[in-house]
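Biologist: Before we use any of these labels, I would like to go through them one at a time and hear what each of them rests on. Could you take me through the reasoning behind them?

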Amino acid sequence: IVLISAAGATGKTCLTENLSNELGIPIFDLSKHDPVASNSLTGLLFNSMELSDFTDYSQKLQTGKASMIIDALDEGYIKTTVDGFYAFLDNIVKIAATAQGTPFVLLGRTNVVELATLYFEEQGVKVAFLQIEPFTIDSAKVFIDKHVESEAKERFVEQYKAVRDYIVDAIGGFFKNQSEINHKQYLQFIGYAPVLLAISTLLNRNNNY
C-alpha cells in the first residue's frame, strides 16, 4: 500500500485526479461516502458492479493488474467511530495482505495517514509512506511568479523581485526568535500554498512595484 500524507490545501485532490487520469484507476472518495465500517470497501465494489465484474476486479486487485485510490482518509476517520475506521482498514488489509503489486494508494492529512500506516504495519502489510512537503523558499518564489500575471511584473522585473522578496522575508518577522523550531515553522508557513496564493493576489492587485 502506498500512503501519501500532507496538510490541507496542498493539492492532494489534484494529485488524486491526475493519478486516476494517468493510470486509469478509480477513486474511492471518503469525503463523499457514508461513514465507513466493516466491509464498506467490498460492499461499495459489490453494489457498483455486476457480479462477474466484481469478481474479475477483485482478482485483478489481488494479482497486481488493478489498483484503487482511496482519497480523504482523514474525512473517513472523522465521520465514523474509531472501531468503524479500523474495521474499514481491516477490509483493505484483507485484500492487500496477499496481493501482488500495489492494490491501494491512500491519501489524507498527516495524522490519520500516520495512524493508518502504523496499523497496516502491525497487520504485516508492506507499506510505503510518502509526504507532500511545503515549498522551499526558492520554489515558493517560483510559485508566486507563476501566479502573478500583471504587466508591471514584466516591465519592472527587478522592482517586482525586490518587493516579492521583501514580503517573503517580512513574513519571517512573525517568527522573530529564529530558534530551530521557529525557523522550521516559518519554512512550513511560507511554503504553504494558500499563503503563497495570498501573496500572489496582493502582487496582482497592487502592481506599482
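Biologist: What makes helix α9 oblique to helix α10?

Modeller: In this predicted model, α9 (residues 157-171) and α10 (residues 180-190) pack with their axes 10 Å apart and at an angle of about 135°. Angles of 65 to 115 degrees count as roughly perpendicular and those over 145 as roughly antiparallel, with the rest as oblique, so α9 is called oblique to α10.

Biologist: Which residues of α9 and α10 meet, and how do they divide by class?

Modeller: From α9 come V168, D169 and I171, and they meet Y186, F189 and I190 of α10. By class, this contact of α9 with α10 has 5 nonpolar residues, no polar ones and 1 charged; since Asp counts as charged, D169 in α9 is the charged one.

Biologist: Why are α2 and α3 called oblique to each other?

Modeller: The axes of α2 (residues 40-48) and α3 (residues 51-63) cross at roughly 135° and come within 8 Å. That angle is not over 145, the cut-off for roughly antiparallel, and it lies outside 65 to 115, and therefore α2 and α3 are oblique to each other. In this contact T42, L45 and F46 of α2 meet L51, F54, Y57 and L61 of α3, which gives 6 nonpolar residues, 1 polar and no charged.

Biologist: How do you know that β2 and β5 are edge strands?

Modeller: The 5 strands form an open sheet with parallel pairing, in the order β2-β3-β4-β1-β5, and β2 (27-29) and β5 (128-131) each pair on one side only. From one strand to the next, the twist averages 20°.

Biologist: What makes β1 and β5 a pair?

Modeller: Two strands pair if there are at least two bridges between them, and strand β1 (residues 2-6) is joined to β5 by 4 bridges, the two running parallel, so the condition is met. I4 stands opposite L130 in β5.

Biologist: Which strands does helix α5 touch, and what angle does its direction make with that of β4?

Modeller: Helix α5 (residues 82-96) packs on the sheet and touches β2, β3 (68-71) and β4 (104-109), while its direction makes about 155° with that of β4.

Biologist: How many charged residues are in the lining of the largest pocket?

Modeller: The largest pocket holds about 210 Å³ of space, and its lining divides into 5 nonpolar residues, 5 polar and 1 charged. Among the lining residues are A6, T110, Q131, E133 and Y192, and because Glu counts as charged, E133 is the charged one.

Biologist: What is the volume of the second largest pocket, and which residues are closest to its centre?

Modeller: Its volume is about 180 Å³, and of the 14 residues that line the second largest pocket, K12, T13, D71, A72 and E75 are the closest to its centre. The elements giving two or more residues to that lining are α1 (12-23) and α4 (73-78), and by class the lining has 3 nonpolar, 5 polar and 6 charged residues.

Key:
Residues numbered from 1 in each chain as written. Predicted model: local features only at pLDDT ≥ 70, side-chain atom pairs only at ≥ 80, totals over all residues. Heavy atoms only, no water. 1 Å grid on protein atoms, 1.4 Å probe; cavity = no way out; pocket = protein on both sides within 12 Å on 5 of 7 lines; lining within 4 Å. Points joined across faces, edges and corners; volume = space filled by probe spheres on them. Axes fitted to C-alpha atoms, helices over the stretch in contact; angles between N-to-C directions. Contact = heavy atoms within 4.5 Å. Parallel < 35°, antiparallel > 145°, perpendicular 65-115°, else oblique.
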